[in-house]
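Me: I have a model open and would like to talk through it with you. Could we go step by step, starting with the side-chain contacts?

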Amino acid sequence: MILLTVLLILLQYRLWFSHDGLPSLLRLHHAVEKQRVDNAILEERNQVLTAEVQDLKSGLDALEERARSELGMVKPGETFFHVIEDSDEQN
């Protein structure tokens, strides 16, 4: 009976306190869950970038929008107006 008790205590010690026991398992579960969240964020970003690439390859609308917003380009015959709002300090 004493031998079984000692054996049970040794097995419980290994389960709860050893480097490959329950604490290690909990750390691994936490790391896996964090990686799943990171992967989901990156997957969503990849989908957005893929859609943007497809738009740029297939149509001129996205290319024109990007040229206008990022490069400040205008079509021939268009007039560009830059509106500057008065700040409260100047009134």
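Me: In which helix do D38 and K34 both lie?
Reply: Happy to start there, and please keep in mind that this is a predicted model. The side chains of D38 and K34 meet in a salt bridge, at 3.2 Å from N to O. D38 is partly exposed at 27% relative accessible area, and K34 is partly exposed at 49%. The two residues sit four apart, about one turn of the helix, and the element that holds both is helix α2.

Me: Which residue forms a salt bridge with R36?
Reply: The closest N and O atoms of this pair are 4.0 Å apart. R36 and its partner are three residues apart in helix α2, so about one helical turn separates them. R36 is exposed, with a relative accessible area of 54%, while the partner is partly exposed at 42%. That partner is E33.

Me: How many salt bridges does the count come to?
Reply: Besides the pairs in α2, the side chains of E64 and R68 meet in a salt bridge, with 3.3 Å from N to O. These two lie four residues apart in helix α3, about one turn of the helix. By the rule of a Lys or Arg side-chain nitrogen within 4 Å of an Asp or Glu carboxyl oxygen, the count comes to five.

Me: Which residues are linked with E64 in a network of salt bridges?
Reply: One of them is the α3 partner of E64, which shares its salt bridge. Both E64 and that partner count as partly exposed, each at 32% relative accessibility. The residues linked with E64 in the network are R68, K75 and E78.

Me: How far apart are the end C-alpha atoms of α3?
Reply: Let's work it out from the twelve residues of the helix. At 1.5 Å a residue they should span 16 Å, and the model agrees with this. The end C-alpha atoms are apart by 15 Å.

Me: How many of the twelve residues of α3 are buried?
Reply: To count as buried, a residue needs under 20% relative accessible area. E64, at 32%, is partly exposed instead, and α3 is hardly covered. The number of buried residues in this helix is one.

Me: Which residue just after α3 takes a positive phi?
Reply: The phi angle here is about 70°. Confidence in the chain is lowest in helix α3 itself, at a mean pLDDT of 79. The residue just after that helix is G72.

Me: What is the accessible area of the nonpolar patch?
Reply: The patch on the surface is formed by Y13, L15, W16 and F17. W16 is found in helix α1 and is partly exposed, at 45% relative accessible area. Together the four residues have about 490 Å².

Me: What radius of gyration does the chain have?
Reply: The chain has three helices and zero strands, and its C-alpha atoms fill a box of roughly 100 × 45 × 15 Å. Of its 91 residues, 4% count as buried. A compact globule of 91 residues would be near 12 Å, but the chain has 31 Å.

Me: In which helix is confidence highest?
Reply: The mean pLDDT of the chain is 84, with 97% of residues at 70 or more. The helix in question covers residues 22-58 and reaches a mean of 92. The name you are after is helix α2.

How values were computed:
Residues numbered from 1 in each chain as written. Predicted model: local features only at pLDDT ≥ 70, side-chain atom pairs only at ≥ 80, totals over all residues. Heavy atoms only, no water. pLDDT = per-residue confidence, 0-100. Buried < 20%, exposed > 50% of the residue type's maximum accessible area, 1.4 Å probe, protein only. Expected span 1.5 Å × (residues − 1). Patch = residues over 30% accessible without salt bridge, like charges linked within 9 Å, V, L, I, M, F, W, Y side chains within 5 Å. Areas by Shrake-Rupley, 256 points an atom, 1.4 Å probe, with all protein chains shown as cover. Rg over C-alpha atoms; globule rule 2.2 N^0.38 Å.
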